[in-house]
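Open the model in your viewer and keep the selection box handy. We will walk through it stop by stop, choosing a few residues at a time.

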Amino acid sequence: IPNILEFALKGNPASGLNKGLVFNALQDVNAAPGNEFCLTIACRQGAFFTAQPDGSQKNVTAVDSVHYTVQGGTVLGAWDAAVLHTGPSNTGPSGSGLPDLTGSGWQYHTFYLDPVLATGRGRFLRAAADNAP
């Protein structure tokens, strides 16, 4: 994991043991029937995600010099599916074991693929971070 991504996920870039706060699971996070494959990541508080033309979600305005991007696809390596976002939370998903982030300067954000596009297919999500201007 690149150091910038470890920092962006509330990990410790100086430690190989602390890769950040990340959780993935099948969860029911929307009105559609059934569970969605979800990726929950810790982000700097104030990260505001918007859908991009390629289907990804990105915080266009950097927070502490970090831009986050979450991409999804139904085929590994083809990051072209619409990623949806549930919004920020101070607590991780039930059963995740993630710590409460209240007052820490961090928040959790959960992402999933649009269930209409992902029906009957594989589901892949990935997070990236950079400090490009």
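Start by selecting P115 and showing what surrounds this residue. Leaving out residues up to four places away in sequence, P115 touches N30, A32, E36 and L84. Keep in mind throughout that this is a predicted model. P115 itself belongs to helix α2, which covers residues 115–118. Now add N35 to the selection: 80 residues separate N35 from P115 along the chain, yet their C-alpha atoms are 8.9 Å apart.

**Into the core**

Next, select I41 and Y68. Within the largest nonpolar core, which has 26 residues, these two touch the most other members. To see where that core comes from, colour α1 (3–8), β1 (22–27), β2 (36–44), β5 (67–73), β7 (106–113) and β8 (124–130); each of them supplies at least two of the core residues.

Stay with Y68 and display its contacts. Which residues does Y68 touch, not counting those up to four places away in sequence? The list runs through A8, then I41, A42, C43, R44, A47 and F49, on to Q57, K58 and N59, and ends with W106 and A128.

**The aromatic rings**

The model holds 3 aromatic pairs. For one of them, show the side chains of F49 and Y68: the ring centres are 6.1 Å apart and the planes meet at 55°, so this pair is tilted. F49 sits in the loop between β2 and β3 (50–51) while Y68 sits in strand β5, so the pair ties together parts that lie 19 residues apart in sequence. Are these two residues buried or exposed? F49 and Y68 are both buried.

Now add F111. With F49, F111 makes an edge-to-face aromatic pair, at 5.0 Å from centre to centre and with 75° between the planes. F111 belongs to strand β7 and F49 to the loop between β2 and β3, so this pair links parts 62 residues apart in sequence. Both F49 and F111 are buried. Keep F49, Y68 and F111 on screen together, as they form one aromatic cluster.

Before leaving the rings, select R44 and W106. The charged end of R44 sits over the ring of W106, at 4.6 Å from the ring centre.

**Along the sheet**

Switch to a cartoon view and pick out β3, β4, β5 and β8. These make an open sheet of 4 strands, in the order β3-β4-β5-β8 and with antiparallel pairing. Which strands stand at the edges? They are β3 and β8: each has a single partner strand, so one side of each is left without a neighbour in the sheet.

Walk across the sheet from β3. This strand is joined to β4 (residues 57–58) by 2 bridges, and the two run antiparallel. Select T50 and K58 to see one place where they meet, since K58 in β4 is the bridge partner of T50. From β4, step on to β5: these strands pair in the antiparallel sense over 2 bridges. K58 comes up again here, standing opposite T69 in β5.

Pause on β5, where 7 of the 7 residues are buried. Show its side chains and compare the two faces. H67, T69, Q71 and G73 point one way, while Y68, V70 and G72 point the other way. The last step takes you from β5 to β8, an antiparallel match joined by 7 bridges. Click G72 and then L125 in β8, its bridge partner.

**Two last stops**

Centre the view on T110, in strand β7. T110 is buried, with a relative accessible area of 10%. Add T40, and you will find a polar contact between the side chains of T110 and T40 at 2.8 Å. Beyond the neighbours within four places in sequence, the contacts of T110 are Q27, C38, L39, T40, L84, H85, T86 and G87. You have already met L84, which is also among the residues that P115 touches.

Finish with L5, in helix α1. L5 is buried too, with a relative accessible area of 13%. Leaving aside neighbours within four places in sequence, select A127, A128 and A129 to see what L5 is in contact with. Then add N131: this residue is 126 residues away from L5 along the chain, and the two C-alpha atoms are separated by 9.8 Å.

Note on methods: Residues are numbered from 1 along each chain as its sequence is written. This is a predicted model: local features need pLDDT of at least 70, side-chain atom pairs count only at pLDDT 80 or more; totals for chains, interfaces and linings use all residues. Side-chain values use heavy atoms; hydrogens and water are left out. Contact means heavy atoms within 4.5 Å. A nonpolar core is a set of buried Ala, Val, Leu, Ile, Met, Phe, Trp, Tyr and Cys residues joined through side-chain atoms within 4.5 Å. Buried means under 20% relative accessible area, exposed over 50%, partly exposed in between (1.4 Å probe, protein chains only). Rings of Phe, Tyr and Trp (its six-membered ring) pair if their centres lie within 6.5 Å; planes under 30 degrees apart count as stacked, over 60 as edge-to-face and the rest as tilted. A charge sits over a ring if NZ of Lys or CZ of Arg is within 6 Å of the ring centre and within 35 degrees of the ring normal. Two strands pair if DSSP finds at least two bridges between them. A polar contact is a pair of N or O atoms within 3.5 Å; within protein, one must be able to donate a hydrogen and the other to accept it, and residues adjacent in sequence count only if both atoms are side-chain atoms.
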